[in-house]
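Me: Could you take a close look at one helix in this protein for me? I'd like to know how it sits against the rest.

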Amino acid sequence: MPSLADLERLKEILLIYELPRQDLALFGVLCPLCGKTDRIRQVELPHQVKEYHDIPRDVAEFYTYIYSACINNEQVMAVCKFCNTPLSLDQKGMKAHWLVDPSMIREESNED
Ligand SMILES: [Zn+2]
């Protein structure tokens, strides 16, 4: 299971490298954090990130690791472009979920 630090690094990567670069607007998908329904964007699959030549190899490898750790066969990764939260997205139901159980994130945050 990825740590809170892993999730923070993923957030940074999405911001720094401006992912997703494909503009797939998903209307009607609710962000579980901020409640917006028009800001969820599907992010690139790991093999697509590897094809971006400006993204360092270790960053692409980290992205592949966290993608495979958090996303199952029936999901894709997404991000809310309003609150910058990485999410998992059901391909069938078009429903977004936390990548990691939020109770775990809160416990870790309280230690800061
Ligand atoms: Zn959000």
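Reply: Let's fix one term up front: two residues are in contact if their C-beta atoms, placed from the backbone, lie within 7 Å. Also, this is a predicted model, in which local features need pLDDT of at least 70 and side-chain atom pairs count only at pLDDT 80 or more, while totals for chains, interfaces and linings use all residues. Numbering runs from 1 along each chain as its sequence is written.

On to the helix. The protein has 4 helices and 5 strands, where helices (H or I, at least four residues) and strands (E, at least two) are DSSP runs numbered from the N terminus. The order along the sequence is α-β-β-α-α-β-β-β-α. Helix α1 takes in residues 4-16, 13 in number. From first C-alpha to last, α1 reaches 18 Å, close to the expected 18 Å (1.5 Å times one less than its number of residues).

Which residues of α1 are buried? They include L7, L10, I13 and L14, with buried meaning 20 or more other C-beta atoms within 10 Å of a residue's own, exposed 12 or fewer, and partly exposed in between. Looking down the axis of α1, its buried residues fall within an arc of 120°, so they line one face of the helix; that arc is taken from the directions from the helix axis to the C-beta atoms. An α-helix has 3.6 residues a turn, so residues three or four places apart point the same way.

Covering those buried residues of α1 are, among others, α3 (57-70), β3 (75-80) and β4 (85-90). On the other side of α1, A5, E8, E12, L15 and I16 are exposed. Just after α1 comes E18, with a positive phi of about 55°.
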